[in-house]
Number of protein chains: 2
Amino acid sequence: MTYCVGLKIDKGLVFMSDTRTNAGIDSISTFKKMRVWEEPGERVIVLMSAGNLATTQAVVSLLDERTKAVADRNPTLLETPSMYQTARLVGNTVKEVIASSAPVGQKADSYFNASFILGGQIKGSEPRLFMIYPEGNFIECSDDTPFFQIGETKYGKPIIVRAYDRQMSLEETVKLLLVSFDSTLKSNLSVGLPLDLLFYENGTYKVGLKKRIGLDDPYYRTISEGWSSALKAAFQSLPDFTG
Amino acid sequence: MTYCVGLKIDKGLVFMSDTRTNAGIDSISTFKKMRVWEEPGERVIVLMSAGNLATTQAVVSLLDERTKAVADRNPTLLETPSMYQTARLVGNTVKEVIASSAPVGQKADSYFNASFILGGQIKGSEPRLFMIYPEGNFIECSDDTPFFQIGETKYGKPIIVRAYDRQMSLEETVKLLLVSFDSTLKSNLSVGLPLDLLFYENGTYKVGLKKRIGLDDPYYRTISEGWSSALKAAFQSLPDFTG
């Protein structure tokens, strides 16, 4: 499994992903699920993936290779004129990869499924955040739903729904995501540390902060332990049932 | 969908279930998912169900009918010598109902699936709590895992895991379950009010409290509104990320 969240606030975009992949409970590995393409001063593009690892790796490799193969007739991730065209490019690459696996291999197409969160900003347009489905189509986040989750989304959703505020600082948003991830990590063994964190501040056209957060990260420990106590205290603060 | 929780504390057993059933998002009804068989002074048996409504109703009807058909050679819910034998009886009835639907109807057995939480106490033995699978086999809760959830279990699990304490009072346990249900209600439309609440105090052999909780229930409103604020305050109490 996987857990990734991309979240939009007034100040920018914040991304977090776990790194655990598993094929059965007895085959666990660590793989990065967050990729960044950056042309400082011109564009930052972040892609997070969930689903079949062969599919997500193939999508990323194709996208990456094409940024280097100058002769390719399609615009690449570093040349697309807008985030919308970038989402289309990623969506088409997903379709291409799934189509190339499906007919000759086994029939259960769902096995090759993968979904993606794509966000970033290209000079001349606003920062945008998309979710791309295995079918290659995609949706964009809105003010009503300013975040996307992929993978194991349920455990960590209630706190985002309740505590999100578009005027949050980047620092508060990281806290929110860590609380959401901590709830998920505690509930599903197939989501695991370390976490990858990236934040992008609007209009900067460069990665703001990129950090890997492991079990020994002091801030993660503060949040993980603090949240348990804070949650218990919150619970205690409510009146008991009186019949 | 459905959400039901059965929880064991030192003082007794607490049960809560929602009442929404749906066949597609456009076909929603209210059905009771909690049944009680009681012989005051001798036994209390509570059964909650999730899954295919035809299956769960058939199981309950058969169990119920047999308590009235004196000639039946099997012991009934009102005659089983122990909670373990009661769980076996329910499990066998589940198998019987699923087997009778499966071969003549469509092939997708999963469509007829249902799972159950069974709890109660029979004079002469301890109170016990079981979860019964669609296959008819079952597990019992333990000190390490003192509760069972069926249906839409994920949204409401983190708070139970964190705030449960076996020494809780029945009143605190009701609060805990309401918080867990409120998180689920807010996240999944197919779980809906009103809720059914029952608590059983060990050694009393009668239903302690049985109550239906609707949107206009003042305690439910206090918890639902209070929890949002308490959660936000808990979140605010943690330090922001500092890089």
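Mentor: Copies are superposed by least squares on the C-alpha atoms of residues with pLDDT of at least 70 in both. This is a predicted model, in which local features need pLDDT of at least 70 and side-chain atom pairs count only at pLDDT 80 or more, while totals for chains, interfaces and linings use all residues. Residues are numbered from 1 along each chain as its sequence is written, chains are lettered from A and ligands numbered from 1 in the order in which they are written, and side-chain values use heavy atoms, with hydrogens and water left out.

Trainee: By what turn can chain A be laid on chain B?

Mentor: A turn of 180°, with a shift of 0.0 Å along the axis, lays chain A on chain B with an RMSD of 0.0 Å. The two copies are therefore related as by a two-fold rotation axis. Among the residues of chain A, Tyr155(A) comes closest to that axis, its C-alpha being at 2.6 Å.

Trainee: In what order do the strands of the open sheet in chain B run?

Mentor: Strands (E, at least two residues) and helices (H or I, at least four) are DSSP runs, numbered from the N terminus, and two strands pair if DSSP finds at least two bridges between them. In chain B, the open sheet of five strands has the order S10-S1-S2-S11-S12, with antiparallel pairing. S10 (147-151) and S12 of chain B stand at the edges, each with a single partner strand, so one side of each is left without a neighbour in the sheet.

Trainee: Which strands pair with S11(B)?

Mentor: S2(B), residues 12-17, pairs with S11(B) over six bridges, and S12(B), residues 209-213, does so over five, both in the antiparallel sense. Leu13(B) stands opposite Tyr200(B), whereas on the S12(B) side Leu198(B) has Lys210(B) as its bridge partner and Asp196(B) stands opposite Arg212(B).

Trainee: Is S11(B) mostly covered or uncovered?

Mentor: Buried means under 20% relative accessible area, exposed over 50%, and partly exposed in between, with a 1.4 Å probe and protein chains only. Six of the seven residues of S11(B), which spans 195-201, are buried, and the strand is mostly covered.

Trainee: At what angle do H4(A) and H5(A) pack?

Mentor: Axes are lines fitted to C-alpha atoms, for helices over the stretch in contact (heavy atoms within 4.5 Å), and angles run from 0 to 180 degrees between N-to-C directions. H4(A), residues 170-187, and H5(A), residues 218-237, pack at about 70°, with their axes 10 Å apart. Since 65 to 115 degrees counts as roughly perpendicular, H4(A) is therefore roughly perpendicular to H5(A). The contact includes Leu178(A) of H4(A) and Trp227(A) of H5(A).

How values were computed: Parallel < 35°, antiparallel > 145°, perpendicular 65-115°, else oblique.
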